[in-house]
Each structure stands twice: as C-alpha cells, then as structure tokens.
Amino acid sequence: MLSIGKIGSGKGAGNAAYYTRSVADGAEDYYLGRGEAPGYWTGNAADKLGLEGDVDSAQFMSLIEGRNPITGVELYAGRTRTVQAFDATFSAPKSVSLVYAVGDPAIRDQVVVAHDAAVAAGLTYLEGHAACSRIGRNGVERIEGDGFAAAVFRHRTSRAGDPQLHSHV
C-alpha cells in the first residue's frame, strides 16, 4: 500500500519545521534510527545532485528545506512553495510484516528483497508519471521534471512498535 503525505511550509504537523523539530530531531531517531537499515539515495534528480550511498541527516534536512544538499544553494530561489516535499510510505500488507517479524533469517531476507523490489518498482513508476510541477498564474501550466531526489528509509515496525514492514521515501 502507498500513502502520501505532504511536507508543507505552513504551521503544524506536516510542515518542514515539524519535520525538522519533531521528526527530524526525530529523523535521526526514526528515519536514521538505531537498528534500522540505513537510508539510501535514489532517483534521477538525486544522481544529478550528486547524492549517492547512505543518507546523511544534514543532507536529508537540507533537501527538505529546498537547498542543494551538497552545495547549500537554494534549489527554488525566488519561488514560493506551499509543498516542500512528500513522504511516500510504501507499506507491506500486515500478513507480510508478520511473516517478516516471526520468520527465520532466510525468510526475512526473502521478504526484504521482495519489499525493496516493490518499492523500487513503485518509485520507477512514480518517477515516470508524476515527476512534474505546475507554474504560471494559478498553476495552470504543467512542466515535466527530471525525476526525483529521494531518500529511502526501510523500517521494521510502526512507531508503536507493532510489526509493520514499510519504507518512507
């Protein structure tokens, strides 16, 4: 299942300041937390920005805040953005999460390979069909993008500690 949340520039939960404060002082605990697989960069725009390998928390927050994570230069200078990023969460079905949670190491490895392949396929589809934006008065002109700069974080459990294999992108 895929759920998509907006990371906006407004006030309250779901804005970039919330992610910086609650989730990102949390990002290090939740996204980059102990015991979880390290996050990794993916996407055509990540390649163009020179992002590769494991996700660094400073680079991650820099990108959410609209700056080039390598140079610090603003990526959207002179543009107002109400949505700064998206949190696309790819969740395995509960039955798959349970098999992962109670399975032996060989079963867990197979479940992770299948989950990661599903996330990669979903991202490839989204990058090919949804990497676009709108410009102009009232956003009536659609422009195609060059892909996504995405950080993938795979988690084993929900925040409540229940088995829930999922990846935040």
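## A friendly walk through the hairpin, sheet and pocket

Me: Which residue takes a positive phi in the hairpin of strand 4 and strand 5?
Reply: This is a predicted model, and the hairpin of strand 4 and strand 5 has 5 residues between the strands. The residue with a positive phi, near 85°, is Gly136.

Me: How many bridges join strand 4 to strand 5?
Reply: Happy to look at that pair. Arg134 stands opposite Arg142 in strand 5, and Ile135 has Glu141 as its bridge partner. The two strands run antiparallel, and the number of bridges joining them is 4.

Me: In what order do the 5 strands of the open sheet lie?
Reply: Start from the edges: strand 1 (2-8) and strand 2 (40-42) each pair on one side only. The pairing in this sheet is antiparallel, and neighbouring strands are turned by 25° against each other on average, direction ignored. Reading across, the order is 1-3-7-6-2.

Me: Which residue in strand 6 does Trp41 stand opposite?
Reply: Trp41 falls within strand 2, which spans 40-42. Strand 2 pairs with strand 6 (residues 150-157) in the antiparallel sense over 3 bridges. Opposite Trp41 in strand 6 stands Ala151.

Me: At about what angle does helix 4 run to strand 7?
Reply: Two helices are worth a look here. Helix 3 (residues 57-64) lies across strand 1, strand 2, strand 3 (83-91) and strand 6, at about 40° to strand 2. Helix 4 (residues 94-102) lies across strand 6 and strand 7 (163-168), and its angle to strand 7 is about 105°.

Me: Which element gives the most to the lining of the largest pocket?
Reply: The largest pocket has a volume of about 1800 Å³ and is lined by 45 residues. Among the elements that each supply at least two of these residues are helix 2 (44-49), helix 5 (105-130) and strand 6. Gln84 and Phe86, two of the residues that lie nearest the pocket's centre, fall in the 83-91 span of strand 3. With 6 residues, the element that gives the most is strand 3.

Me: How many residues of the lining of the largest pocket are nonpolar?
Reply: Let's take the other classes before the one you asked for. The lining includes 7 charged and 9 polar residues. The nonpolar residues number 29.

Me: How many residues apart in sequence are the parts that Asp146 and Lys48 tie together?
Reply: The model has 4 salt bridges, and one of them joins the side chains of Asp146 and Lys48 at 3.6 Å, N to O. Asp146 lies in the loop between strand 5 and strand 6 and Lys48 lies in helix 2, so the separation in sequence of the parts they tie together is 98 residues.

Key
Residues are numbered from 1 along each chain as its sequence is written. This is a predicted model: local features need pLDDT of at least 70, side-chain atom pairs count only at pLDDT 80 or more; totals for chains, interfaces and linings use all residues. Side-chain values use heavy atoms; hydrogens and water are left out. Two strands pair if DSSP finds at least two bridges between them. Axes are lines fitted to C-alpha atoms, for helices over the stretch in contact, and angles run from 0 to 180 degrees between N-to-C directions. Contact means heavy atoms within 4.5 Å. On a 1 Å grid over the protein atoms alone, a cavity is a set of points where a 1.4 Å probe fits but cannot get out, and a pocket is an open set with protein on both sides within 12 Å along at least five of seven lines; lining residues have an atom within 4 Å of a point. Grid points are joined across faces, edges and corners, and a volume is the space filled by probe spheres set on the points. Ala, Val, Leu, Ile, Met, Phe, Trp, Tyr, Cys and Pro count as nonpolar, Asp, Glu, Lys and Arg as charged, and the others, Gly among them, as polar.
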